[in-house]
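Student: Could you take me through one part of this protein in detail? I would like to look closely at the sheet and what packs around it.

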Amino acid sequence: MKIAVLGSGAWGTALAMLLQKNGHEVSLWSYCEEESNTLRERGENKMLPGVPLPKELTLTHREDIVAGCELVVFAPPSYAMRQTAQRVKPYLTPGTVLGTVAKALMMSRALVELSALIKASGGQENTCFGLAGMGDMIVTCTSPHSRNHLSLIHISEPTRLGMIS
């Protein structure tokens, strides 16, 4: 499978290396030519010292690398997600599957915050690891059948706000 991973930080690099190791044709995109060149020259990502980049991994700063990819994974910092998407949008082809690592990062951070909130309120920290904590959060974040998930979608689209039941 032809895959582009957008974002050459630690997460993006590690994911690109794993996908390449599993037999896929992978390109790792950096936001600027200098970063791509640095990765190429060093042969490793400074955020993953001692972990060599596979020679088969394509390193680039060109947005058109997504053209013809079957899967494009967005792994930039969250503040750069929208800009990254805008830069590559003209090159995406119909049927390309888009993925993101941001949701996993946000869910992980939310679990830490939930645990701290429970503790600060006098509860037991491990409460957040049960169905009422982590279980509910996973369904809310990932399932279109969750009432919380649907409510969040409707809230984000003011014209549909009255549809929440």
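Before we zoom in, what share of the contacts in the protein chain with a separation of 6 or more comes from residues 24 or more positions apart?

Tutor: Happy to, and please keep in mind that this is a predicted model. To take your question straight away, residues 24 or more positions apart account for 57% of the contacts in the protein chain with a separation of 6 or more. The sheet gives a good example of partners that lie apart in sequence, so let's set the scene and then go there, as strand β1 covers residues 2–6 and pairs with strand β4 at residues 71–74.

The protein chain holds six helices and five strands. Read from the N terminus, the order of its elements is β-α-β-α-β-β-α-β-α-α-α. Its C-alpha trace spans about 50 × 40 × 25 Å along the principal axes, and 33% of the 165 residues are buried.

Now to the sheet itself. It is open and built from five strands, arranged as β3-β2-β1-β4-β5 with parallel pairing. At the edges sit β3 (58–60) and β5 (97–100), each of which pairs on one side only. From one strand to the next, the twist averages 20 degrees. As a general reminder, the strands of a sheet pair through backbone hydrogen bonds, in either a parallel or an antiparallel way.

If you look at β1 and β4, you will find four bridges joining them in the parallel sense. One residue to pick out there is I3, whose bridge partner in β4 is L71. Helix α3 (residues 81–88) packs on this sheet and touches β1, β2, β4 and β5, with its direction at about 150 degrees to that of β4. Helix α2 (residues 33–42) lies across β2 (25–29) and β3, and runs at about 145 degrees to β3.

Helix α3 also leads us to the largest pocket, since you can follow the same helix there: α1 (10–21), α3 and α4 (102–120) are the elements that each give two or more residues to the pocket's lining. The volume of this pocket is about 530 Å³. Its lining has 25 residues, and those closest to the centre are G9, A75, P76, P77 and Y79. By type, the lining divides into 14 nonpolar, eight polar and three charged residues.

To retrace the path on your screen, start at the bridge between I3 and L71, move to α3 packed on the sheet, and finish at the pocket lining to which α3 contributes.

Technical notes: Residues numbered from 1 in each chain as written. Predicted model: local features only at pLDDT ≥ 70, side-chain atom pairs only at ≥ 80, totals over all residues. Heavy atoms only, no water. Pairing = 2+ DSSP bridges. Axes fitted to C-alpha atoms, helices over the stretch in contact; angles between N-to-C directions. Contact = heavy atoms within 4.5 Å. 1 Å grid on protein atoms, 1.4 Å probe; cavity = no way out; pocket = protein on both sides within 12 Å on 5 of 7 lines; lining within 4 Å. Points joined across faces, edges and corners; volume = space filled by probe spheres on them. Nonpolar A, V, L, I, M, F, W, Y, C, P; charged D, E, K, R; others polar. Buried < 20%, exposed > 50% of the residue type's maximum accessible area, 1.4 Å probe, protein only.
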